[in-house]
Amino acid sequence: MFNYILKRFKKIVLRILLLLFFLVCLLVIFLYLNYRLTYDYTNPDDVFSYVEKNKSTHYLNEKNKKFLQERGIWSIRLDRDGRVVESFHKPQEVKDQFDLTDVARFTRFYLADYPVFTYIVGDGLILFAYPKNSLDKFPFNYYSYKNLIFNLEMVIVFILLFLLFVYIIYRVDIKNIFKNILPLQRAIDKLYEEDYERLNEDGELKDLAISINKANEKYHNLKEAQDKWIRGLSHDVRTPLAKISWEVSKENKEDLDTKNIQDQVLKISTILEGLNLTLSLSKLDKESFTEENPLKVIRKLIVDKLNEKPTREIIFENKINNPNLRIKMDPNLFYRMLENILKNALSYTEEQIRVTISDPENKLIIKISDQGKGISEDVIDKINREDLTNVTRHGLGILISKQIAQLHGGDFVIENQDPGLQVSFLFNHVY
């Protein structure tokens, strides 16, 4: 893919250079033509040739006057003393007598701001004047052939230097492109490999490097979640299946414990549901989260559980200073995160349960504690390591809560108390 992009880039650069060269040539031609007479005005030499050819006893006869009239040109003829002896449409500001200084001036420059062109006729001069601002006159009537050749040589040298500099810049850019792109290509080639090296997220292509790193991170997170899912499934389903197999293998079908079979099927269903949730959490997009008030979710959870078990004692301690605080969350997942912990406490303990929420230093801390026997340190260790094997009694629901907390950018702490178990959720990004 990158080789194709580079080939296309080379072609584009070459085409740009050719186009630039063509434009420079076109500019030179345009500048040259710009200083030549346009087709709007007849060349002065052609005007003089026509007048010279069609003269009679007078240069400015009727035929020639008509010719000049059609072209917007006025004309005068001077004798050897500088007097005007013939004229056609001579402006009033133009004198009738000229001395040598005047002749030298309008021959080299302009006459009363009119561009004039002078020709020798007999012992006098004839002038053809074009409209004001129609033509430009150079203040010289000669050039050096050597200087012209030198200037042309300099133009060629500058063009060659320009092309050389462009080529050097082109080579440097190509080298930098390869330098920036090759690590990306190697990273893409090893995107799904164990020896993938994280790209440096700096430079001109940092956005692409960040995207590749995120893709690799998502892949490995998904792969790790799948591995945990498979390990958890293979370990935790084994015991219920063995019990079901034991029941159905009894020779006397009347001895079948259908209640036990139903319990084991329900356990397998619960295990699969939990494992599927852990897998789906690894693929969830956090961009869909919205700013919500966690107090509403917590109050709803406590009310729901008290309705289910009205005889139980759940103490809610609200130590929130800012009742309007919000965090980015998925309300359903947030509810599930807290429900798993509270449900375990209600199921495996008979004592008082305490739910505390506080916001010290603009943080959100939620604690759920009970006064039961707690859980084994082995299960806590597996939860901390996110090991799904054989944690179905307490750990699977707690592990799901931990994953949901991490998905919301929070920290999860579980520890045995004396007595009971305490689970804490800490969130730093509070609005």
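The exercises below, each with a worked solution, concern a predicted model.

**Exercise 1.** Determine where N64 lies, whether N64 is buried or exposed, and which residues N64 touches.

*Solution.* Begin with the secondary structure, where N64 is found in helix α3, which covers residues 62-70. Next take the relative accessible area, which is 0% for N64; since buried means under 20%, N64 counts as buried. Then list the contacts: leaving aside residues up to four places away in sequence, N64 touches Y50, V51, N54, K55 and Y59. Finally, look at V51 again, because the side chain of N64, a buried residue, reaches the backbone oxygen of V51 at 3.3 Å.

**Exercise 2.** Describe how strands β3 and β4 are joined, and find the residue with a positive phi in their hairpin.

*Solution.* Strand β3 (residues 116-121) and strand β4 (residues 124-129) run antiparallel and are joined by six bridges. One of the residues to inspect is V121, whose bridge partner in β4 is G124. Two residues lie between the strands of this hairpin, and G122 takes a positive phi near 60°.

**Exercise 3.** Classify the ring pair of W74 and Y114, and state which parts of the chain the pair links.

*Solution.* The whole structure holds eight aromatic pairs. For W74 and Y114, the ring centres are 5.4 Å apart and the planes stand at 85°, so the pair is edge-to-face, given that planes over 60 degrees apart count as such. The pair links distant parts of the chain, with W74 in strand β1 (residues 74-78) and Y114 in the loop between α4 and β3, 40 residues apart. As for accessibility, W74 is buried at 6%, and Y114 is buried at 14%.

Technical notes: Residues are numbered from 1 along each chain as its sequence is written. This is a predicted model: local features need pLDDT of at least 70, side-chain atom pairs count only at pLDDT 80 or more; totals for chains, interfaces and linings use all residues. Side-chain values use heavy atoms; hydrogens and water are left out. Helices (H or I, at least four residues) and strands (E, at least two) are DSSP runs, numbered from the N terminus. Buried means under 20% relative accessible area, exposed over 50%, partly exposed in between (1.4 Å probe, protein chains only). A polar contact is a pair of N or O atoms within 3.5 Å; within protein, one must be able to donate a hydrogen and the other to accept it, and residues adjacent in sequence count only if both atoms are side-chain atoms. Contact means heavy atoms within 4.5 Å. Two strands pair if DSSP finds at least two bridges between them. Rings of Phe, Tyr and Trp (its six-membered ring) pair if their centres lie within 6.5 Å; planes under 30 degrees apart count as stacked, over 60 as edge-to-face and the rest as tilted.
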